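Here's a quick walk through a structure you may not have met before. Have a look around first, and then we'll go through it piece by piece.

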Amino acid sequence: MKALSIRNLKKTYGNGFQALKGIDLDVEAGDFFALLGPNGAGKSTAIGIISSLVNASSGSVSIFGHDLEKERPQAKSCIGLVPQEINFNQFDTVQSILLNQAGYYGTPRKLALQRTEQCLKQMDLWDKRDTVSRRLSGGMKRRVMIARAMVHAPKLLILDEPTAGVDIEIRRSMWKMMEEVNQQGTTIILTTHYLEEAESLCRNIAIIDQGHIVEHSDMKSLLARLNVDHFVLDLAEPMAAAPVLAGFKAEWVSEKVLEVAVPKESGLNELFRQLSEQQIQVLSLKNKTNRLEQLFMDLVDAKNAGGAA
Amino acid sequence: MNTWIPFRTIVVKEIYRFVRIWPQTLLPPAITTTLYFLIFGKLMGDRIGLINGAPYMDYIVPGVILMSVISHAYSNVVSSFYSTKFQRNIEELIVAPVPNWVILLGYVSGGIMRGLLVGTVVGLIAMLFADITIHSIVITLAMAFMTATLFALAGFINAVMAESFDDISIIPNFVLTPLSYLGGVFYSVSMLPGIWKTISMGNPILYMVNAFRYGFIGVSDIDVRLSFLMTGGVILVLALTSLILLRKGTGIKQ
């Protein structure tokens, strides 16, 4: 069963800007799916159309088999949306935000109260239920939006940069919550600029750029395609220039810092053997970027170099 | 799709909103109308005498009540819906499977409730200054309800089209207030000279005030049936316009 199926979706705004140029996308039920792309790539437009906030120019969207145009109420009932920006009434209490949301989805009052309690407890917000929402911290507001999106028990949860602007501790606790929600059977589509977030949480991925899907596959096979790792080496002694290393590309960053591209087939042992031969002592090393970030940049750069269709 | 629960949710939210801020919503009309009755009714009214056979105070009471209904039905919807747009929590309703007509009915019902509640408060204050008699309770209540509906719908359209807080104050200040004062609240249209009488007949509020006044004292400058027909027609046009705007997503969707 497909949680989401998009066919030839196009969107041209009133000013003539073509945000989506005919995208196809499938997300299986139960998946934890990453939708990535640089700013202005078309992610938010796609999410806007799926959640009925933006009118599509053409194409079709189907949510759990319900066509968004022909069976809009049924399709909408399946979705829970966590938008990028805080969009609840800042003068309402946390509990009333969730109760109103449940009401909009036709949830009877008794069940709405139960679901509200359950979601607020899951998001660790139960003790804040009577707090006026504008008095909450940024991280709590983000969690209120996730709790609100889940209160009607959606089958598909769309998280549009849910961890933007929150500190690492809260971000990690939110990852845990998202994983739990997914394990309970909810399909999740996540957009994020934190690519390590996508890499650690998501099983499948699509990358969108300039209104096109430039990649659509599972995370493992995508990462397997990355055949070069970039390492930053801290040196014991200063160097004036990068050393020549057979089979490796070394770059001088500063007197005591080198950056080396290591092909997978060569490996680190060979790199260290050559460094030892040249009597270059390494104090420490670290990955320059996370792997997905490198792939993401490669894919987007390749698309830009080839010229967008 | 159950539409009763979303409708009830919107209406309860709207009522809670204007009751929670009662010093801004219910208290000012009570003070303003007390001053109207004191100055125009008591101090000046005794010198004016009878209008269309009714004491001046009795003559102005229905118009003052209806003026409050108009102003509060309109301002409730325009401020509430525009705030919802401004804070972007209108997105909660758009993403949810709430039909457009339920959204419209919910917000308009909130406006009607506030309009009628304020009208009741003003009516109770009026009882301190005048001996209120009801000529026809059906006409009185029906016209109060229809007037509140009409201006709640107008407020909704204003909120949908508005792009700034300035846009939601222009119509009440520069259109609604002048039309209300020139709508025969404080005088009979028959007292006006030729051309002004003709111009006044183009003011829709004149029809509503006269029908409402007829419900109280049985006196009207205009055929009451025409008033109901015109008010009903305008309600229909405004309701259809609102639904078309919601369907197109004007001011809400991209």
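What radius of gyration would a compact globule with 254 residues have, and what does chain B have? Keep that in mind while we start with chain B. One thing to know up front: this is a predicted model.

## Chain B: overall size and make-up

Back to the question. A compact globule with 254 residues would have a radius of gyration near 18 Å, and chain B has 19 Å, so the two agree. If you follow the C-alpha trace along its principal axes, chain B spans about 60 × 35 × 35 Å.

Chain B is built from 11 helices and two strands. Reading along the sequence, you meet three helices, then the two strands, and then helices for the rest of the pattern: α-α-α-β-β-α-α-α-α-α-α-α-α. According to UniProt, in an unreviewed entry, residues 20–249 of chain B carry the feature "domain: ABC transmembrane type-2". That span is 77% helix and 2% strand, and its end C-alpha atoms sit 30 Å apart.

## Chain A: two domains

Now over to chain A. It splits into domain 1, covering 2–223, and domain 2, covering 227–306. Taken over C-alpha atoms, the centres of domain 1 and domain 2 of chain A are separated by 38 Å.

## The four-stranded sheet

One sheet in chain A is open and has four strands in the order β2-β1-β4-β5, with antiparallel pairing. Its edge strands are β2 (18–28) and β5 (66–67) of chain A, each pairing on one side only.

Take a look at β4 (residues 58–63) of chain A: this strand and β5(A) pair in the antiparallel sense over two bridges. You can spot A:S62 with its bridge partner A:D67, which is in β5(A). Helix α1 (residues 43–50) of chain A lies across β1 (2–12), β2 and β4 of chain A, and runs at about 115° to β1(A).

## The six-stranded sheet

Chain A also has an open sheet of six strands, ordered β6-β7-β8-β3-β9-β10, and here the pairing is mixed. Why do β6 (79–82) and β10 (212–218) of chain A each have one side left without a neighbour in the sheet? They stand at the edges with a single partner strand each, so there's no neighbour on one side. On average, neighbouring strands of this sheet are turned by 15° against each other, direction ignored.

At one end of that order, β6(A) and β7 (residues 156–160) of chain A pair in the parallel sense over four bridges. A:I79, for instance, has A:L156 in β7(A) as its bridge partner. Two helices pack on this sheet. α1(A) touches β3 (32–36), β7, β8 (187–191) and β9 (204–209) of chain A, and its direction makes about 145° with that of β7(A). Helix α6 (residues 168–183) of chain A touches β3, β7 and β8 of chain A, with its direction at about 145° to that of β8(A).

## Where the chains meet

How many residues does each chain bring to the contact? Chain A gives 26 residues and chain B gives 20 residues. On the side of chain A that touches chain B, the elements giving two or more residues are α2 (72–77), β6 and α3 (94–104) of chain A. The most comes from α3(A), with four residues. As for character, the residues on this side of chain A divide into 11 nonpolar, 13 polar and two charged.

Terms used. Residues numbered from 1 in each chain as written. Chains lettered and ligands numbered in written order. Predicted model: local features only at pLDDT ≥ 70, side-chain atom pairs only at ≥ 80, totals over all residues. Pairing = 2+ DSSP bridges. Contact = placed C-beta atoms within 7 Å. Axes fitted to C-alpha atoms, helices over the stretch in contact; angles between N-to-C directions. Domains from an automatic or database assignment. Nonpolar A, V, L, I, M, F, W, Y, C, P; charged D, E, K, R; others polar. UniProt positions renumbered as here; feature names shortened; annotations may be inferred. Rg over C-alpha atoms; globule rule 2.2 N^0.38 Å.
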